[in-house]
There are 2 protein chains.
Amino acid sequence: MTSESSKKHPTPTRRISESTIHRLSVYYRQLAILESEGYHTVSSKELAKREKLTPAQVRKDLSFFGSFGTRGLGYPTTELKQKIANILGIDKLWHVALVGAGNIGSALASYKEFAKQGFELNSIFDNDQRKIGSNHKGITISDIGTLPEALKKHHIEIVVIAVPASNAQKIADICVATGIKAILNFAPINLKVPSDVVLRTVNMSMEMEYLSFYLCNRHNIDVPGKG
Amino acid sequence: MTSESSKKHPTPTRRISESTIHRLSVYYRQLAILESEGYHTVSSKELAKREKLTPAQVRKDLSFFGSFGTRGLGYPTTELKQKIANILGIDKLWHVALVGAGNIGSALASYKEFAKQGFELNSIFDNDQRKIGSNHKGITISDIGTLPEALKKHHIEIVVIAVPASNAQKIADICVATGIKAILNFAPINLKVPSDVVLRTVNMSMEMEYLSFYLCNRHNIDVPGKG
DNA sequence: TTTTAGTTGTGAATGAATTCACAGGAAAAA
DNA sequence: TTTTTCCTGTGAATTCATTCACAACTAAAA
């Protein structure tokens with residue numbers, strides 16, 4: 001961590017929309033590309049063009065967190081990338097545990113993008129005796145019964161749930177009871193967590209259903225994002 | 001398909017938001033649960049309570065597509081579920097192809113929820129000679145070079161892309177050229193497709209980044225959905 | 001030095017999504 | 001039959017997100 005990254009960005013006074021946070025992730029990726037292409041600065045216009053957004057949107061999103069640009073010049077590529085990393089909290093290492101070593105869990109354990117962004121997966125849990133003790137990409141699979149103590153011992157901050165829908169709520173409850181405040185859920189079920197715990201659910205069937213709706217309706221109606 | 005399901009719902013006259021479509025998927029799942037619990041009717045109040053939404057939101061979402069309820073009574077559970085299936089287009093069989101039989105691709109091929117919702121995965125493609133010809137859950141993995149003709153031959157309507165980011169755009173271009181109008185992308189890259197093709201991208205790193213942002217900021221600011 | 005071209009940051013205007021509030025209707029109780 | 005209770009469907013009001021439009025500033029050219 002550089003001294004740069006530990007400098008705090010101004011605390012936003014207003015509610016930040018989910019869309020804005022999502023776009024910050026998008027800007028971060030595009031800035032990495034611009035950096036690799038040798039650009040030292042980038043304008044909101046160029047950034048917007050590359051992501052099919054409006055320049056005003058880019059500037060407004062960034063303005064919630066501070067003034068990072070120079071009038072007449074644009075934004076310094078590397079510095080802005082670093083600032084966004086700081087805003088998103090990805091300029092530090094997060095300790096992540098994975099629960100469920102089935103099909104999706106195994107795929108996630110092998111997913112290299114996580115590590116690249118500072119998400120360190122160092123614990124995997126399962127309830128299948130045949131899997132417990134075995135090695136997956138250098139990580140030993142632990143008994144799910146040891147989840148509470150292991151979460152504390154390894155200072156886990158984020159739990160990825162990839163167990164069948166029928167077990168997911170039970171796992172979520174254990175995580176919440178152990179003090180976990182962030183859960184990424186792949187089970188196709190609406191988990192209930194307290195309001196101070198942030199939950200993101202990736203439901204692949206629902207993504208397919210969106211595509212299906214569009215295929216059925218694209219001749220009749222406008223669809224968002226399809227100017 | 002019943003005669004019920006082929007009856008057309010009224011064409012919406014106004015743009016339907018992504019959020020509304022997403023919530024229709026949510027209602028659909030909750031209606032299946034209510035049905036299994038023996039409820040013949042359900043009020044917008046009850047449906048809202050179970051999904052942490054407002055009753056007005058539920059009624060408004062449904063009203064874009066027609067009048068499905070009875071004043072004083074609520075909505076007929078089974079019938080409404082069927083109507084939503086019809087709106088979403090999941091009361092028919094969709095032909096789906098998967099490109100990429102790596103970690104994520106393999107997990108998706110084994111994902112049972114797809115088949116349950118009428119998404120029939122009947123073709124898998126890869127460029128790895130060791131995988132081509134082998135069997136995955138009863139589906140032979142084909143050479144990616146045969147993609148264009150195979151998409152036509154099997155009447156594929158939806159393509160799931162699960163190849164590395166570096167190859168994803170190339171695959172998307174092939175799909176678009178072959179006439180595919182719906183793509184579900186798992187590669188961590190912003191694919192470019194024409195405006196008449198619907199694209200959904202699932203980027204797991206971005207989901208993690210959202211959690212990270214929340215963990216960093218929950219003490220300072222409001223976060224959407226966390227009243 | 002002055003002018004011109006370029007770009008940010010932000011209050012105001014606009015547009016979109018959600019919630020309110022109530023007329024209209026259905027069923028059950030009185 | 002009449003009254004009461006319940007619930008939908010929807011126009012209006014409100015809240016939230018995006019876009020506009022321009023003052024403020026920078027750099028480079030004249």
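Me: How do the residues that line the second largest pocket divide into nonpolar, polar and charged?
Reply: Let's start there, keeping in mind that this is a predicted model. The second largest pocket holds about 620 Å³ of space. Its lining residues divide into 14 nonpolar, eight polar and five charged.

Me: Which residues that line this second largest pocket are the closest to its centre?
Reply: The pocket, with about 620 Å³ of space, is lined by 27 residues. Of these, the closest to the centre are Gly102(B), Ala162(B), Val163(B), Pro164(B) and Ala165(B).

Me: Which element gives the most to the lining of the second largest pocket?
Reply: The second largest pocket has about 620 Å³ of space. Two or more lining residues come from each of these elements: helix 7 (112-116) of chain A, and helix 6 and helix 9 (165-178) of chain B. With six residues, the one that gives the most is helix 9 of chain B.

Me: Ala115(A) is found in helix 7 of chain A; is Ala115(A) buried or exposed?
Reply: The relative accessibility of Ala115(A) is 58%. A residue counts as exposed when the value is over 50%. Therefore Ala115(A) is exposed.

Me: How far apart in space are Ala115(A) and Leu93(A), C-alpha to C-alpha?
Reply: Along the sequence, Ala115(A) and Leu93(A) are 22 residues apart. In space, the distance from C-alpha to C-alpha is 9.1 Å.

Me: Now for closed spaces: which residues line the largest cavity?
Reply: A search of the whole structure finds four cavities of 30 Å³ or more, and the largest has about 80 Å³ of space. Helix 6 (103-109) of chain A and helix 6 (103-109) of chain B each supply at least two residues of its lining. The lining divides into 10 nonpolar residues, with no polar and no charged ones. The residues are Ile104(A), Ala107(A), Leu108(A), Phe186(A), Met204(A), Ile104(B), Ala107(B), Leu108(B), Phe186(B) and Met204(B).

Me: Which residue of chain A comes closest to the rotation axis?
Reply: Chain A can be laid on chain B with an RMSD of 0.1 Å by a turn of 180 degrees and a shift of 0.0 Å along the axis. That is the relation of a two-fold axis. At 3.2 Å from the axis, counted at the C-alpha, the residue of chain A that comes closest is Ala107(A).

Me: What percentage of the contact residues of chain A recur in chain B?
Reply: The turn that lays chain A on chain B is 180 degrees, with a shift of 0.0 Å along the axis. The same surface serves both copies. The share of chain A's contact residues that recur in chain B is 100%.

Me: How do the residues that line the second largest cavity divide into nonpolar, polar and charged?
Reply: This cavity has about 60 Å³ of space. Its lining includes Glu18(A), Arg200(A), Glu207(B) and Glu209(B). Helix 2 (18-36) of chain A and helix 10 (204-217) of chain B are the elements that give two or more residues to the lining. The residues divide into three nonpolar, two polar and four charged.

Me: Arg23(A) is found in helix 2 of chain A; is Arg23(A) buried or exposed?
Reply: Leaving aside neighbours within four places in sequence, Arg23(A) is in contact with Leu53(A), Gln57(A) and Asp61(A). Its relative accessibility is 14%. Buried means under 20%, so Arg23(A) counts as buried.

Me: How many Å does helix 2 of chain B reach from its first C-alpha to its last?
Reply: Helix 2 (residues 18-36) of chain B has 19 residues. At 1.5 Å a residue, 27 Å is expected. The reach is close to that, at 28 Å.

Me: What in chain A helps to cover the buried residues of helix 2 of chain B?
Reply: The buried residues of this helix include Ile21(B), Leu24(B), Tyr28(B) and Leu31(B). From chain B, the cover includes strand 1 (41-42), helix 3 (44-51), helix 4 (55-63) and helix 5 (77-88). From chain A, the cover includes helix 10 (204-217).

Me: What is the phi of Lys137(A)?
Reply: Most residues other than glycine have a negative phi. Lys137(A) lies in the loop between strand 5 (135-136) and strand 6 (139-143) of chain A. Lys137(A) is not a glycine, yet its phi is positive, at about 55 degrees.

Key
Residues numbered from 1 in each chain as written. Chains lettered and ligands numbered in written order. Predicted model: local features only at pLDDT ≥ 70, side-chain atom pairs only at ≥ 80, totals over all residues. Heavy atoms only, no water. Least-squares fit on C-alpha atoms with pLDDT ≥ 70 in both. Contact = heavy atoms within 4.5 Å. Helix = DSSP H or I, 4+ residues; strand = E, 2+ residues; numbered from the N terminus. Expected span 1.5 Å × (residues − 1). Buried < 20%, exposed > 50% of the residue type's maximum accessible area, 1.4 Å probe, protein only. 1 Å grid on protein atoms, 1.4 Å probe; cavity = no way out; pocket = protein on both sides within 12 Å on 5 of 7 lines; lining within 4 Å. Points joined across faces, edges and corners; volume = space filled by probe spheres on them. Nonpolar A, V, L, I, M, F, W, Y, C, P; charged D, E, K, R; others polar.
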